[in-house]
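Please open the structure in your viewer and keep the sequence beside it, since this tour moves from one selection to the next.

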Amino acid sequence: MAAARPVVACNSGGPCESIGADEECGFLCEPTPAAFSATMEKLLNPQLAESMGRAARLKVASKFSREAFGHQLVDLVQTMTDTEACIDMEPIPDGLSGKGKMI
């Protein structure tokens, strides 16, 4: 996808999440030789392959780039540190809060 090429992958696990079922940037198919060959045959259409490749590159840039990851990480950290979202913690009893110990 990052190389602006359409993807042909099995329709299970990670590819389902990264490629999606919309067939915008690639195809998901059954994990059989017949299914793979039939799906790859669709990409013999140069216009289809080129448009899917462009869409794949844009998806990588928007969802999987360092910048996108950074935004997702910041959002996650902000959610985790939001005082309304934090769980109220009991104070650590005296004598149990030694250095280096986590409770």
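Leaving aside its neighbours within four places in sequence, which residues is A56 in contact with? Select A56 together with M1, R5 and C25, for these are the residues it contacts beyond that stretch of sequence, where contact means heavy atoms within 4.5 Å. Before going further, note that this is a predicted model, in which local features need pLDDT of at least 70 and side-chain atom pairs count only at pLDDT 80 or more, while totals for chains, interfaces and linings use all residues. Residues are numbered from 1 along each chain as its sequence is written, and side-chain values use heavy atoms, with hydrogens and water left out.

Stay with A56, which has its place in helix α3. A56 counts as buried because its relative accessibility is 0%; buried means under 20% relative accessible area, exposed over 50%, and partly exposed in between, with a 1.4 Å probe and protein chains only. If you add P6 to the selection, you will find it 6.3 Å from A56, C-alpha to C-alpha, although 50 residues separate the two in sequence.

Next, select M1, V7, A9, I19, C25, A55, A56 and V60, the 8 residues of the largest nonpolar core. Such a core is a set of buried Ala, Val, Leu, Ile, Met, Phe, Trp, Tyr and Cys residues joined through side-chain atoms within 4.5 Å. Two elements, β1 (7-10) and α3, give two or more residues to this core, and the largest share, 3 residues, comes from α3. From within this group, pick C25, whose contacts, leaving aside neighbours within four places in sequence, include R5, P6, M52 and K59 as well as the core members M1, V7, I19, A55 and A56.

Now follow helix α3 (residues 46-64) to R54 and E50, which lie 4 residues apart in this helix, about one turn. Their side chains meet in a salt bridge at 2.9 Å, N to O, a salt bridge being a side-chain nitrogen of Lys or Arg within 4 Å of a carboxyl oxygen of Asp or Glu. A search of the whole structure finds 1 salt bridge. R54 is partly exposed, with a relative accessible area of 47%, whereas E50, at 51% relative accessibility, counts as exposed.

Move on to T39, which is placed in helix α2 and is buried, with a relative accessible area of 7%. Not counting residues up to four places away in sequence, T39 touches V8, F27 and C29.

For the surface, select F69, L73, L76, V77 and M80, which make a nonpolar patch of about 500 Å². Nonpolar patches join side chains of Val, Leu, Ile, Met, Phe, Trp and Tyr within 5 Å, from residues with over 30% relative accessible area and no salt bridge. V77 belongs to helix α4 (residues 66-81) and is partly exposed, at a relative accessible area of 41%.

Finally, show the whole chain, whose secondary structure comes to 4 helices and 2 strands, running β-α-β-α-α-α from the N terminus on; helices (H or I, at least four residues) and strands (E, at least two) are DSSP runs, numbered from the N terminus. Buried residues make up 20% of the 103 residues. If you colour by pLDDT, the predictor's confidence in each residue from 0 to 100, the mean for the protein is 82, and 80% of its residues reach 70 or more.

Terms used
Patch = residues over 30% accessible without salt bridge, like charges linked within 9 Å, V, L, I, M, F, W, Y side chains within 5 Å. Areas by Shrake-Rupley, 256 points an atom, 1.4 Å probe, with all protein chains shown as cover.
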